[in-house]
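Got your viewer open? Let's take a walk through this one together, one selection at a time.

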Amino acid sequence: MRFEPQLHHIDGAFIESASGERFETLDPATNEPLALAAAGDAPDVDRAVAAARRAFDDGPWPRLKASERAAVLRAVAEAIRAHAGEFIEREVADIGMPVAQMKGLAARAATNFEYYAGVVGELHGRAFQVGEEFINYTIRKPVGVAGLIMPWNAPLMLSSWRIAPALAAGNTVVLKPAEWSPLTATLLASVLAEAGVPAGAFNVVHGFGETAGAALSRHPGVDLICFTGETETGKAIIAAGAPTLKRSSVELGGKSPVVVFDDADPELCVDAALAQIFTMNGQRCTAGSRLLVQAGLYERLVEAVAGRARRIRVGDPADPSTELGPLIRPEHLERVLAHIESAREQGARVLAGGRRPGGPLLERGNYLEATVIADVDEHMRAFREEIFGPVLVAMPFADEAEAIRLANATDYGLAAYVWTNDLRRAHRVAHALDTGMCWVNSQNVRDLRTPFGGVKASGIGREGGDYAFDFYCDTEIVHVALGSHHIPRLGLGEPA
Ligand code: NAD
């Protein structure tokens, strides 16, 4: 095995599952075993939740001043930077992302902690003066034990971005990483402990969704669940939390449109369209996976995108020249190939890729060529469903109204990208799209202060920026009478 066994981290200690069971993870580049991980189940989740509960009810973490918690989070950021090489090596091995695209990974994770260390200092309530009679004010309080259930496509980035605000607000955490990508979560647990996060305030339970994930999402000792993953899983998690009324934030799938009007800068659009679907191996929730192009520009633009896609270097993710690495697992590759086949059968044109690349090295891993499928229609599965791989589907539109209708013709609504040099149209279209986030003449560039989240089947809630504190904090209102006020007087009459 290339990596050491991935153990749970509970109450400050690395431990095996109560059952002693472990499971094997695979290297997406070769499908060789990569590591063994403790297979957590309900008893392990019970222990982790009990530790987090004690740390919340009696431990120091929620009782520290915000500035003291912020100092620990800044130390976490430093420790992540100090281990940057190790984090990157693990993430590349675990999920097959090209190392060239992972260079900024540890820096970004560190920034997540630093950012929330800064924001928590700004966390304040509001005061409501009611004449001379009352002063009412709000206070923000941590909610309790936060369960974080994370996907495999960007484990460190997505989890650090939730752990940081959860801890900053004074909650304690149980993280359940995806079973296909346990490696950075274990390292993160030791880095957090090293930086001074007290025992029990941050716990990790490895394991499968149906066992460890399900146990966490229904656990009565968990107050809130932050989930990122597939839409169907999100529904199951909300249902599992309903009997104990868990607060939940669910960031789900996407099928985001890239809408290109014929007055847009075609060169920029080609670059952005390629980057938006083929970076991160296409396994990106905000991928621009549907290219909608105004009819006059359609053939030329789609040909240009396909021409460049054919030249994308598919290969070993650890090779710095690789642009597109392997998909996470053989079964996921099969699913993606089935989507391509169904589009082909329904009459769409596969202009680039669509196959596994040849050669003895690449055949061992879950590689797929960068794929561009033209002339889909809005009823095809490839147009409506999330493929979550390096597959771009394209179709033309006639005018603004049709562009909006097609862009909205999916159950999802996570991100959208609009390209036009007509200022008024840009804003009109951005407002008309069913989406949580829209970029105008831009690829996906995020400022940490901005809200992140989707509409429709893409999720419920907003995280990012101080929006995260609406989720990770309770707001309590305190009503204080300053003088006399009317109090109804009961029970002064004769007994009936
Ligand atoms: P997934 O839903 O299969 O798994 C996500 C997590 O949920 C894993 O940790 C898994 O073990 C756990 N899980 C699975 N079944 C469970 C159950 N019944 N109860 C509790 N937990 C359970 O998703 P995935 O395949 O890991 O990730 C890919 C999906 O994530 C894509 O749909 C992608 O769009 C989405 N995603 C969304 C965002 C976003 O912010 N909107 C970001 C990244 C990924």
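Before the first click, one term: helices here are DSSP runs of H or I at least four residues long, numbered from the N terminus. Keep in mind, too, that this is a predicted model.

**Stop 1: the ligand**

Select the ligand and show what surrounds it. Which residues come nearest? Of the 27 residues around the ligand, those are K176, E179, T233, L252 and E386. Now colour by helix and strand. The shell gets at least two residues each from α7 (209–218), β10 (224–228) and α8 (231–241). The largest share, three residues, comes from α7.

Next, turn on distances from the ligand's oxygen atoms. A polar side-chain atom of E386 is 2.5 Å from one ligand oxygen atom. Backbone atoms join in as well: a polar one of M150 is 2.7 Å from an oxygen atom of the ligand, and a backbone N or O atom of G209 is 3.2 Å from a ligand oxygen atom. How much of the ligand does the protein bury? Taken alone, the ligand exposes 860 Å², and the protein buries 91% of that. If you can display pockets, do it now: the ligand sits in the largest pocket.

**Stop 2: helix α7**

Stay with the helix that gave the largest share of the shell, and select residues 209–218, which make up α7. Its buried residues are A212, G213, A215, L216 and S217. A general point helps when you look along the axis: an α-helix has 3.6 residues a turn, so residues three or four places apart point the same way. What covers the buried residues of α7? The cover includes α1, β7 (145–149), β8, β10 and α8.

**Stop 3: N171**

Now jump to N171, in the loop between α5 (155–168) and β8 (172–176). Is N171 buried or exposed? It counts as buried because its relative accessibility is 0%, and the cut-off for buried is under 20%. Show the side chain of N171 and follow it to the backbone oxygen of A166, which it reaches at 3.0 Å. Then bring up the contacts of N171: leaving out residues up to four places away in sequence, it touches F56, W61, P142, V143, G144, A166 and Y472.

**Stop 4: P62**

From that list of N171 contacts, keep F56 and P142 on screen, then select P62; both residues are touched by P62 too. Besides those two, P62 touches A55, R69 and G170, again not counting residues up to four places away in sequence. P62 belongs to the loop between α1 (42–57) and α2 (66–82). With a relative accessibility of 18%, P62 counts as buried. Now add A201 and draw a line between the C-alpha atoms: P62 and A201 are 139 residues apart in sequence and 9.1 Å apart in space.

**Stop 5: T435**

Move along the chain to T435, in the loop between α15 (423–432) and β18. T435 is buried, with a relative accessible area of 15%. Zoom in on its side chain, where a polar atom lies 2.8 Å from the backbone oxygen of M437. A polar atom of the T435 side chain also lies 3.5 Å from the backbone nitrogen of A415. Which residues does T435 touch, not counting those up to four places away in sequence? Select G413, L414, A415, A416 and V455 to see them.

**Stop 6: two positive phi angles**

Most residues other than glycine have a negative phi. Here are two places that go the other way. Select D11, in the loop between β1 (8–10) and β2 (13–15); its phi is near 55°, a positive value. D11 counts as partly exposed because its relative accessibility is 35%.

Then go to N441, in the loop between β18 (437–440) and β19 (459–460). The phi of N441 is near 50°, also positive. N441 is partly exposed, with a relative accessible area of 32%.

**Last stop: P243**

Finish with P243, which you'll find in the loop between α8 and β11 (247–251). Buried or exposed, this one? P243 counts as exposed, at 71% relative accessibility. For a last line across the screen, join the C-alpha atoms of P243 and D44: they are 21 Å apart in space, and the two residues are 199 apart in sequence.

Key:
Residues are numbered from 1 along each chain as its sequence is written. This is a predicted model: local features need pLDDT of at least 70, side-chain atom pairs count only at pLDDT 80 or more; totals for chains, interfaces and linings use all residues. Side-chain values use heavy atoms; hydrogens and water are left out. Buried means under 20% relative accessible area, exposed over 50%, partly exposed in between (1.4 Å probe, protein chains only). Contact means heavy atoms within 4.5 Å. A residue is near a molecule or strand if one of its heavy atoms lies within 4 Å of it. A polar contact is a pair of N or O atoms within 3.5 Å; within protein, one must be able to donate a hydrogen and the other to accept it, and residues adjacent in sequence count only if both atoms are side-chain atoms. Accessible areas come from the Shrake-Rupley method with a 1.4 Å probe; for residues, only the protein chains shown count as cover. On a 1 Å grid over the protein atoms alone, a cavity is a set of points where a 1.4 Å probe fits but cannot get out, and a pocket is an open set with protein on both sides within 12 Å along at least five of seven lines; lining residues have an atom within 4 Å of a point. A molecule sits in a cavity or pocket if more than half of its atoms lie within 2 Å of its grid points.
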